[in-house]
Amino acid sequence: RPSPGSCPIPIPPGSSASPKVVVTGAAGFIGSHLVDALLATGHVVVGVDRRNPCSDLLAGLNLAGAVNHPKFTWVDADVANASLDAVLDGADCVFHLAGLPGVRRSWGCEFAAYVTANIVATERLVAACERAGVRRLVYASSSSVYGPTTAASRESDPTRPISPYGITKLAGELLCLAHAVRADSRLSVVALRYFTVYGPRQRPDMAIGRMLAAALTGKRYPLFGNGSQRREFTYVSDVVNATIAASRLEQRHAVVNVGGGASVSITDLLGIVGDLTGRPVPLAAVAAQPGDVCATAADLTNARACLDYRPSVNLPVGLALHLEWLRGLPAQVLRLYEPMFEPCAAEVAS
Ligand code: NAD
C-alpha cells in the first residue's frame with residue numbers, strides 16, 4: 001500500500017522492454033485510467049499525485065487496480081514544490097496530467113491555486129525532465145485554450161482563452177513547448193488538447209456524471225444558460241489511447257486535438273441521458289457562467305495524421321458505460337455526484 005509522505009525509494013528504473021514512465025495526476029480521473037492502461041501494456045509506472053489513495057476516497061477508488069500492481073510505484077508529492085529528480089530518474093516518458101481543472105472555480109476565489117497547480121508546477125516539472133534527460137513529455141492541455149469559436153478548432157487557430165483556467169492551461173502548454181525548442185534540450189513535447197472528457201471516475205464537478213446522477217436520484221441538475229451550448233464530449237478510453245500514442249510520436253514538438261468526433265448541444269445530451277435512464281433529468285435554471293464558451297468542436301485531422309487517432313466510443317455507448325459505473329458505486333460515493341451548485345463569491349458578485 002502507498003504511504004503518505006515522501007516518495008518511497010528506490011523507484012524501479014524500467015528496462016528497454018518495459019520502459020519506466022511517470023504519470024502526474026495519477027490519482028485523478030484521466031490519470032488513473034492512463035495508469036491502468038500503461039500497466040496493462042507492461043510499463044513500469046510511477047504515479048505522482050498530491051491526493052493520497054489511502055486517505056482520499058475517490059483517489060483510493062481510482063487507483064484500486066493499480067496500488068498493488070508489482071510494476072506500480074506510488075509517489076505522494078505536490079509537483080509544485082516536491083523534489084522531483086529521484087522520481088524522474090531513468091524515466092523515458094512523463095505524462096503530465098496533474099493540474100487544477102474546472103472553468104468556473106478559476107474565477108477570483110482560487111486563481112492563485114490555478115497558477116500554482118497549472119503553471120508553477122508545470123515549469124518545475126519540465127525543468128526537472130530536462131535535468132533527468134527524459135525523452136518525451138506529454139502535456140494534458142485543454143480545448144479551453146481556444147476560447148470562443150464558430151467552427152471546429154484546428155491546432156493552428158488563434159488561442160484566445162476566456163477563463164483564468166484556460167489561460168493557465170495555455171501558459172502550461174507554451175512553457176512545455178518553449179523547453180522543447182531550446183537548442184540545448186533533448187526533451188520533446190506533445191501537448192494534447194483534450195475536449196470535455198467523460199466516463200467512469202469522471203470528476204464529481206463535471207456535467208455528465210451530475211446529469212446522470214440527477215436522473216437517478218430525482219435531484220435537479222443546474223442547467224447553465226438555455227441548453228444551446230455545444231460540447232465535444234470524448235470518452236476516457238479514447239483520450240487514454242491518444243495519450244499513449246503521443247508518447248511515440250516522432251516529432252520534437254507538437255500540439256494535437258483529442259476530441260470525441262461530434263459536438264452535441266446540452267439539450268440533446270439531456271435527451272440522451274433521459275432516454276438511457278428512462279427518466280427525464282430534472283432541471284434548475286441557472287444563469288450562463290462567465291468563461292463558458294458557446295461551443296467546442298475539434299478538428300481531428302492532425303490527430304488522425306500524427307497519432308492515427310480515431311475516437312471509437314460514441315456518446316450513447318460511452319454514456320451507457322458511465323451510467324453502469326455510477327450505478328455500481330456505493331451510496332456514500334454516489335452522493336458526491338449529486339447535483340449541487342455552490343457558486344464562489346466571485347461568481348455571485350459577477
Ligand atoms: P482530476 O482533478 O481528476 O485529476 C488531476 C489530478 O492532479 C488530481 O488527482 C490532483 O490531486 C492532481 N494534482 C493537481 N495539482 C497537483 C500538484 N501540484 N501536484 C500533484 N498532483 C496534483 O482532473 P482530470 O479531469 O483527470 O484532468 C486531468 C488533466 O487533464 C488536467 O490537467 C486537466 O486540466 C486536463 N484536462 C481535463 C479535461 C476533462 O474534461 N477532464 C479536459 C481538458 C483538459
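Two strands pair if DSSP finds at least two bridges between them. Keep that rule at hand. The model is predicted.

**Exercise 1. Strand partners**

Find which residue of β5 is the bridge partner of His96. Then work out how β1, β4 and β5 are joined.

Solution.
- Step 1. Start at His96. Its bridge partner in β5 is Tyr139.
- Step 2. Look for a second pair. Val94 stands opposite Leu137 in β5.
- Step 3. Count the bridges. β4 (residues 93–96) and β5 have four of them, in the parallel sense.
- Step 4. Apply the rule. Two strands pair if DSSP finds at least two bridges, so four are enough.
- Step 5. Move to β1 (residues 20–24). This strand also pairs with β4 over four bridges, in the parallel sense.
- Step 6. Pick one pair from it. Val23 has Phe95 of β4 as its bridge partner.

**Exercise 2. The faces of β4 and β5**

Sort the side chains of β4 and β5 by face, and state whether they are buried or exposed.

Solution.
- Step 1. Recall the pattern. In a regular strand the side chains alternate between the two faces of the sheet.
- Step 2. Take β4. Cys93 and Phe95 point one way, and Val94 and His96 point the other way. All of them are buried.
- Step 3. Take β5. On one side are Arg136, Val138, Ala140 and Ser142. On the other are Leu137, Tyr139 and Ser141.
- Step 4. Check burial. Both faces of β5 are covered. Seven of its seven residues are buried.

**Exercise 3. A strand with two kinds of face**

Now do the same sorting for β8 (residues 221–224). Explain why Pro222 counts as partly exposed.

Solution.
- Step 1. Sort the side chains. Tyr221 and Leu223 point to one face and are buried. Pro222 and Phe224 point to the other face and are not buried.
- Step 2. Count around Pro222. This residue has 17 C-beta neighbours inside 10 Å.
- Step 3. Compare with the cut-offs. Buried needs 20 or more, and exposed needs 12 or fewer. Pro222 has 17, so it counts as partly exposed.
- Step 4. Find the partner strand. Four bridges join β8 to β13 (residues 283–286), and the two run parallel. Pro222 has Ala284 as its bridge partner in β13.
- Step 5. Set sequence against space. Pro222 and Arg160 are 62 residues apart in sequence. Their C-alpha atoms are 27 Å apart.

**Exercise 4. A covered helix**

State how many residues of α6 (residues 207–217) are buried, and what covers them.

Solution.
- Step 1. Count. Nine of the eleven residues of α6 are buried.
- Step 2. Name some. Among them are Ile208, Arg210, Met211 and Leu212.
- Step 3. Find the cover. It includes β7 (197–198), β8, α8 (266–277), α10 (315–327) and α11 (331–334).
- Step 4. Look past the helix end. Gly218 follows α6, and its phi is positive, near 80 degrees.

**Exercise 5. Positive phi**

Compare Arg201 and Asp308: where does each lie, and is each buried or exposed?

Solution.
- Step 1. Recall the background. Most residues other than glycine have a negative phi.
- Step 2. Read the angles. Phi is near 75 degrees at Arg201. At Asp308 phi is near 55 degrees. Both values are positive.
- Step 3. Place them. Arg201 is in the loop between β7 and α6. Asp308 is in the loop between α9 (301–307) and α10.
- Step 4. Count neighbours. Arg201 has 20 C-beta neighbours inside 10 Å, so it counts as buried. Asp308 has 12 other C-beta atoms within 10 Å, so it is exposed.

**Exercise 6. Domains and ligand**

Describe how the two domains meet, then what surrounds the ligand.

Solution.
- Step 1. Set the bounds. Domain 1 is assigned 20–197 + 233–258, and domain 2 is assigned 207–230 + 261–296 + 314–340.
- Step 2. Give the spacing. The domain centres, taken over C-alpha atoms, are 26 Å apart.
- Step 3. Count contacts. 15 residues of domain 1 are in contact with 13 residues of domain 2. On the domain 1 side, nine are nonpolar, five polar and one charged.
- Step 4. Turn to the ligand. Of the 28 residues around it, Gly25, Gly28, Phe29, Ala98 and Gly99 come nearest.
- Step 5. Name the elements. α1 (29–40), β2 (44–49), α4 (111–132) and β5 each give two or more residues to this shell. The largest share, three residues, comes from α1.
- Step 6. Sort by class. The shell has 15 nonpolar, seven polar and six charged residues.

Methods
Residues are numbered from 1 along each chain as its sequence is written. This is a predicted model: local features need pLDDT of at least 70, side-chain atom pairs count only at pLDDT 80 or more; totals for chains, interfaces and linings use all residues. A residue is near a molecule or strand if its C-beta atom, placed from the backbone, lies within 6 Å of it. Ala, Val, Leu, Ile, Met, Phe, Trp, Tyr, Cys and Pro count as nonpolar, Asp, Glu, Lys and Arg as charged, and the others, Gly among them, as polar. Two residues are in contact if their C-beta atoms, placed from the backbone, lie within 7 Å. Domain bounds come from an automatic or database domain assignment.
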